Amino acid sequence: MGKDNPLRYYLAEQRIAVGSLTANLATSPQEGISGSVGLSDLRVDTLRINAAQLNISTERTAIARGDSMSLALFGTVMKSHFREQEGFTINTDLRTSLQGGHLDVSYQDERGQTVHAAEASGSWSGEAYQLHFLGDRLRIASNDYAINPDNLLSLRKRDNFLLGSLKLTGEKRGEFSLQGTEDTPGVQDILLSISNLHLEDYRSLGLPDVGGIFFGDVHYQRKGDLSQQPTISGDLSISDLRYEDKKLGHFTSSLFYEPRSGDSHYITGEIGYNGQPAMSIDGIYYPREKVSPLKGTLTLTSFPLELANPFLAENSTTLAGTADGSIRLSGKLTEPLLSGQMHLNKGMLNLNAYGTHLALDSIPVRMEGSDIFFDHYALRPSGDPKKAIYIDGSIRKSTTPQATASLRITSDELTLLDEPRPTRDDQLLYGKIIASTRMVATGPLTSLRVRGSVNVLSGTNCTYVMREDPLTASQQTDQLVQFIDFSDTLFTKKVEVAPTSLGGLDVNLTINVDPSVRIGADLTAGGTDYVHAQGGGTLHFTYPPYGEMSMTGRYEMSGGGELSYTLPVVGNKRFSIDPTSTLTWTGPISNPYLNFSAVNKVKATVSSSSENSQRVNFNVSILIKDYVSKMNLSFGISAPENLSVQNSISTMTKEEQSKQAIALMATGMYLAGGSGAGNLDLNSALTSLLQSQINKTAGKLLQGTDLNLGVDHYDGSSGEAARTDFTYSFSRRFYNDRIRIIVGGKVQSGAGVTNQGQTFLDNVSLQYQLDKSGEQYLSLYHKLVTDNVLEGEFSETGVGYVIRRKMSSLLDLFRRKRKKTTTDTTTTLFRQAWKPRLDTLSTQPSLTSDSMPTLRYQAK
């Protein structure tokens with residue numbers, strides 16, 4: 001087609017590319033119109049058509065009278081496989097005149113197999129339009145159907161009566177039947193019957209991923225022409241219905257529609273599920289009434305909520321239970337008015353991905369004039385059925401675009417999650433979450449305004465399971481080299497990724513986390529790599545209308561924690577998190593500033609120039625001080641108990657310290673203490689590996705318990721007798737993490753045992769959290785002191801009191817905190833049975849946008 005022509009410029013503006021376009025048309029008195037149009041390499045977005053050809057010719061037939069000319073069109077479209085699009089070939093042969101026509105069409109897939117094929121003739125002269133299928137069979141979606149030889153469908157022009165019959169019988173399964181009769185003069189009867197139709201056989205026609213066996217009969221009757229109202233009735237059923245391989249069950253339905261005297265239309269329908277009635281509707285429509293032309297009743301009888309499950313997100317959220325109720329219908333078809341009530345039986349909302357299961361309240365949800373009222377409606381978690389999330393308020397004009405909400409959502413010390421371990425492979429959250437909530441949702445549903453607070457309380461100990469490790473995602477090289485088809489984006493605009501938006505939703509929440517709350521994350525699905533931290537803070541979450549969610553505030557890991565991570569070459573190591581570590585948000589919720597440090601204590605032998613060696617305690621630290629989007633690990637090393645080694649480390653650059661830290665964790669040896677291979681101690685390396693594997697195995701067997709085992713071997717090179725020290729530390733929490741028991745000790749073996757009378761339990765501590773906020777602790781302890789220079793080794797037993805509090809000055813330590821007093825005016829509202837049209841005073845919650853609900857008395 002060339003590059004310099006107006007047609008190509010116009011197609012490029014429309015994002016259409018054509019490789020070549022040719023046309024050849026000619027006319028003559030003898031042969032009429034003849035010629036061809038050809039096209040190749042058509043590209044529209046991701047659609048690719050290799051070639052398309054249309055041949056045009058005219059034929060003359062010698063007849064006694066009438067039209068003797070016919071137009072013949074033969075077309076072919078060919079497409080090859082591209083990406084996920086299958087190839088196909090379409091052939092059509094159309095011959096038409098002013099009296100009738102003949103069509104032969106076929107569709108073949110990329111393997112050359114015929115998917116669709118049909119041949120038919122038609123005529124439109126005379127008193128009716130007629131259609132007749134030729135041959136003894138046709139093919140639809142790779143299924144062959146036998147055609148009745150006398151098939152003929154005729155649409156009479158004067159009164160639009162459909163007469164004749166067509167019957168298709170599948171060779172394997174399925175049958176269609178369409179019959180139009182006029183048994184009584186002036187009365188049109190049409191019967192459509194479908195039986196044994198397997199829906200999965202027709203997905204190539206564009207049907208979604210559904211399956212099941214369909215049966216149906218529809219009867220249409222009309223007296224006179226199309227200006228008269230028809231009567232329609234029918235029965236439909238689908239057995240073993242499936243959607244995306246999720247079973248829905250067996251459905252039956254019946255429908256009856258009948259006009260009455262031209263002023264009203266009567267309709268009734270029923271839907272059954274698994275052999276039981278589930279829903280029915282019975283109503284009359286008055287088209288001449290403008291105020292309320294609709295009157296009817298919708299009845300739910302054990303309607304299963306599980307029908308919504310296949311359409312929820314990847315089955316991570318499911319519903320269970322049934323719904324019952326009777327709802328009166330009135331108003332207009334576009335904005336119906338609903339009045340009545342509906343209640344649930346054994347209703348459950350399962351948030352499977354988060355391990356939360358909520359029991360839905362059985363009290364009625366009442367409706368009056370399409371206003372939905374929630375009268376202290378309760379959502380009770382399975383882990384704490386005595387408490388609930390309560391919903392009070394209403395949704396006004398729920399069936400109109402002007403629907404507005406005025407809702408209050410509250411909960412008090414609610415155990416929202418209580419699952420010690422994941423029960424599903426796709427579960428993202430496990431542990432225990434105790435929270436209190438006070439939120440208000442007001443305004444139009446299209447621009448809902450949410451204000452309030454969420455308090456995560458003491459006793460919370462939850463873990464999030466990450467499906468992708470953020471520290472190793474940058475090390476993946478599977479997409480290091482990627483091949484791109486530049487022709488694929490030649491005529492396509494670059495797609496700008498818009499931020500996720502929930503429309504006009506406006507959210508502003510304050511999230512308070514108690515200092516004693518323990519939050520963790522499993523960096524791998526098996527839980528081998530993890531991070532657990534204790535701390536709290538105050539965070540402010542905002543989601544402006546049509547904007548991006550953001551957060552401000554700081555989370556402080558004041559209680560420390562533990563990081564277990566498998567580093568390349570080094571293996572799995574455990575680090576103690578520094579209590580000064582923080583997470584600070586000043587904008588996007590996914591990109592906080594991380595001020596994090598964690599220490600792994602390693603004991604190694606250091607050789608000096610005098611050929612003497614000594615055992616030194618090293619602190620290997622992981623340091624992160626940057627935003628998450630630019631997060632990069634750095635390692636440090638220190639020897640706080642040995643001044644000479646610490647001075648040597650201080651002279652190293654950061655790169656040298658990182659190398660020494662990694663080498664120390666990988667081999668258990670400090671390689672900077674000497675030079676050459678003489679500094680390598682195979683015994684120390686094997687001891688370090690054994691200690692790492694013992695702790696890793698113990699962590700899998702005793703999940704929920706902190707257990708550390710250590711092995712220190714002294715070979716006597718430093719002048720002391722050879723011996724081996726076995727150390728252990730055991731920690732366990734009880735009673736919503738308010739009681740903690742710590743047991744530790746050391747056992748020595750060999751000739752150099754310094755204390756033959758030592759006990760197996762060197763350190764025992766019992767700690768109790770006095771308040772819910774995690775600021776005051778009482779502890780009983782017994783410990784063995786070995787580092788006192790003056791008194792030597794001795795045992796110490798006592799009682800301790802610990803207080804943790806943020807203070808602007810020392811005087812704040814002695815000031816009492818003022819308790820916040822709140823008056824909950826809706827905790828006892830609306831539990832009485834609802835009665836319509838009361839003549840006495842009634843109580844309703846009045847919710848404002850910036851305040852909590854107050855009582856307002858209204859007289860009806």
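This tour moves from the whole chain to a group of paired strands, then to a single residue and the nonpolar cores.

The model is predicted, so local features need pLDDT of at least 70 and side-chain atom pairs count only at pLDDT 80 or more, while totals for chains, interfaces and linings use all residues. Residues are numbered from 1 along each chain as its sequence is written, and side-chain values use heavy atoms, with hydrogens and water left out.

**The whole chain**

Begin with the entire chain, which holds 4 helices and 49 strands; helices (H or I, at least four residues) and strands (E, at least two) are DSSP runs numbered from the N terminus. Of its 860 residues, 35% count as buried, where buried means under 20% relative accessible area, exposed over 50%, and partly exposed in between (1.4 Å probe, protein chains only).

**Strands E21 to E24**

Select residues 317-331, strand E21, together with residues 336-351, strand E22. The two run antiparallel and are joined by 14 bridges; strands pair if DSSP finds at least two bridges between them. Within this pairing, Arg-328 has Ser-339 of E22 as its bridge partner, and a hairpin of 4 residues connects E21 to E22.

Next, add residues 356-360, strand E23, which pairs with E22 in the antiparallel sense over 4 bridges. Here Leu-349 stands opposite Leu-358 in E23. The hairpin of E22 and E23 has 4 residues between the strands, and Gly-355 in this hairpin takes a positive phi near 65 degrees.

Then add residues 365-368, strand E24, joined to E22 by 3 bridges in an antiparallel arrangement. Met-342 is placed opposite Val-365 in E24.

**Ser-264**

Move to Ser-264, in strand E18 (residues 264-273). Is Ser-264 buried or exposed? Ser-264 is buried, because its relative accessible area is 9%. Leaving aside neighbours within four places in sequence, Ser-264 is in contact (heavy atoms within 4.5 Å) with Pro-259, Ile-284, Tyr-285, Tyr-286 and Pro-287.

**The nonpolar cores**

A nonpolar core is a set of buried Ala, Val, Leu, Ile, Met, Phe, Trp, Tyr and Cys residues joined through side-chain atoms within 4.5 Å. Select Phe-374, Tyr-377, Phe-596, Phe-618, Val-645, Leu-664 and Tyr-670: in the largest core, of 68 residues, these touch the most other members. Strand E39 (residues 593-607) gives the most to this core, with 6 residues.

Centre the view on Phe-596, whose contacts beyond four places in sequence include Met-557, Leu-563 and Ile-622. Finally, select Leu-197, Leu-199, Leu-248 and Leu-307, which are among the 23 residues of another core lying apart from the largest one.
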